[in-house]
Amino acid sequence: APIAFSEQGFVLQGLLKDIPQLAEISFICVTPSACEPGRETSRFIRNGAEIQAGTPLRDRSRDSAFLAAKEGKIYVGAVESAAGISSVPLASRVLNAKNEIVEVLAGKINLNAAIQPIIKAAKLGTSGYVYAVTREGTIIAYPNQELVGKTIQTLPLLDAIASSGASKNASYTSVTGVAVSGAARLIPETGVAVIAEWPQTETKSLIRTILFQIGGFLLLAFAILFIIASSVALKLIEPIAALREGTSVIGAGNFNYRVQIKTGDELEDLGANLNKMAVNLKGLEELRELKLRADLLSESLRKEQELSKLKDQFITTISHQLNTPLTAINWSLAAFDDPKLSKEKMKEVVDIISKSQKDIVAIVNDLVTLSEVGFQYKKSRVTSVDIARVIEKILDFSSGVIQLKDLNVTFQKTAGDAIARVNEFTIMKALENLIDNAIGYSNKGGAVAIELAADEKEIRITITDQGIGIPKEDQSAIFQQFFRARNAIQKKNVGTGLGLYIVKTIIEGHGGRVWFESEENKGSAFHVTLPR
Ligand code: ADP
């Protein structure tokens, strides 16, 4: 039921007592039978500490508060300011048990009183504060009570709020003349803005503190990261270093080396594999050594067999070569048994004996030289030798044969000296062999030319003859031991085939070279170079 008019005052005074922020409260008539709709049926106001009946009772039929509440809305109006007091009108309908609207209860909340304690209690840091203004700039709550009711217009935040209604922040000078950072937010539907201001002296030091803390934190984070990273790296590097050491030691051939890695991961496996490899390599190495020894054994066996073959061949050739003159001497000596041996016949026999004796001497000479030179000659016991003198000496020894064969032998010396540091005996033997061949393989009345040239580095000797020459097919074998060309065997029965072998061994043992050009039945030219 609608509250009886006589009881309405009691209810309203009770509400005013219970809610100190309430500035005014009234019932407005809705039901036409009992009263005039839209007119207040009862009203009370707070006047300082007093609670008084409000007079007169007003017609509020056009009030938006009444109209909205009648429609069922809870009405909260815009802030009103009067005499330094800001208030917000509120209205709500009152329903009976059947949910029918019986009246409207309308009132005003004194914002100063309602918000002031909250504003006073709100703190930002140590010096920041909060206050409330109306959209027009009237301060409705401020920590310092004295500023309540004052109007601020220059605040940039207010301009921004006025134009956009959104929340804003800015730096400016506050009402009290302090540089502040401020932020404002409009409370929707009330026209009240809450502004938070923070003196910049504090925000700056705060920002500094925050930056300092961030810096410190970053430093600490880096330090921790560094310690973790290096300990992880160390853990990783240690086994890798051990592996590297292992591979290089084992690689250098120490197969008894073992790497020790106990990381329990792939690196440990790798270490174990490396050790296995070292074991296998050791086995291989032993095998290789065995094989090497076997190879050496079979090589020395082969060499021995070769040598034994060479020795057999040597003995056969020498005995064959010696056999010819010795048989001739034997036969000739038998002729002396004949008492009727004529003087002419005797001379013939003596000639044969003498020639055979010379052949034997030639063969023995080759053997002596060979035994002296050996198979792998390296020059030794060198002296300064005049090669021109050596050639002249050889020609001196050979003058008999030259005369006998009616040869035209010429010797063309170099303009300068031809002195070389050589072993005189062996060089003499080498040149003697070449000159003897040129004379021996020349036909009667032929010509032999010997040329000697020299520069600071080497001495060059060329021996040219017009003799039987060397058949093309035999030329490649001519420096081999015991080799004799087909036409030489026919021409000169005795010969060991050792001469040119000895020449090559001696000249090359002196660091020189020997080679030839030859054409069968035309002649040959043998060239020798000798380093000084
Ligand atoms: P030897 O003269 O005792 O047969 P060498 O070793 O001195 O042995 O010569 C090997 C072979 O080279 C000779 O048998 C001969 O066939 C050939 N030879 C060497 N010198 C000449 C030369 N000046 N003219 C023709 N053939 C030569």
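How many of the ten residues of strand 7 are buried? Seven are, so this strand, residues 101-110, is mostly covered (buried means under 20% relative accessible area with a 1.4 Å probe, counting protein chains only). Welcome to this predicted model, in which local features need pLDDT of at least 70, side-chain atom pairs count only at pLDDT 80 or more, and totals for chains, interfaces and linings use all residues. Residues are numbered from 1 along each chain as its sequence is written, and side-chain values use heavy atoms, with hydrogens and water left out.

**Strand 7 and its partners**

- Strands here are DSSP runs of E with at least two residues, and helices are runs of H or I with at least four, both numbered from the N terminus.
- Strand 1 (residues 22-29) pairs with strand 7 in the antiparallel sense over seven bridges; two strands pair if DSSP finds at least two bridges between them.
- Leucine 22 has isoleucine 109 in strand 7 as its bridge partner.
- Strand 6 (residues 85-95) also pairs with strand 7 in the antiparallel sense, over nine bridges, and serine 92 stands opposite leucine 105 in strand 7.
- Five residues lie between the strands in the hairpin of strand 6 and strand 7, where asparagine 99 takes a positive phi near 70 degrees.

**Around the ligand**

- The ligand is surrounded by 20 residues (each with a heavy atom within 4 Å of it), and the closest are Asn437, Tyr441, Asp465, Arg484 and Leu500.
- This shell divides into eleven nonpolar, seven polar and two charged residues. Ala, Val, Leu, Ile, Met, Phe, Trp, Tyr, Cys and Pro count as nonpolar, Asp, Glu, Lys and Arg as charged, and the others, Gly among them, as polar.
- At least two shell residues each come from helix 10 (424-440), helix 12 (499-509) and strand 19 (523-531).
- A polar side-chain atom of arginine 484 lies 2.6 Å from a ligand oxygen atom, and one of serine 524 lies 3.4 Å from a ligand nitrogen atom.
- Taken alone the ligand exposes 530 Å², and the protein buries 98% of that (accessible areas come from the Shrake-Rupley method with a 1.4 Å probe).

**A look at helix 10**

- Of the 17 residues of helix 10, 14 are buried, so this helix is largely enclosed by the rest of the structure.
- The end C-alpha atoms of helix 10 are 23 Å apart, which agrees with an expected span of 24 Å, that is, 1.5 Å times one less than its number of residues.
- Asparagine 423 caps the N-terminal end of helix 10, with a side-chain oxygen 3.1 Å from the backbone nitrogen of phenylalanine 425.

Notes:
A polar contact is a pair of N or O atoms within 3.5 Å; within protein, one must be able to donate a hydrogen and the other to accept it, and residues adjacent in sequence count only if both atoms are side-chain atoms. Buried means under 20% relative accessible area, exposed over 50%, partly exposed in between (1.4 Å probe, protein chains only).
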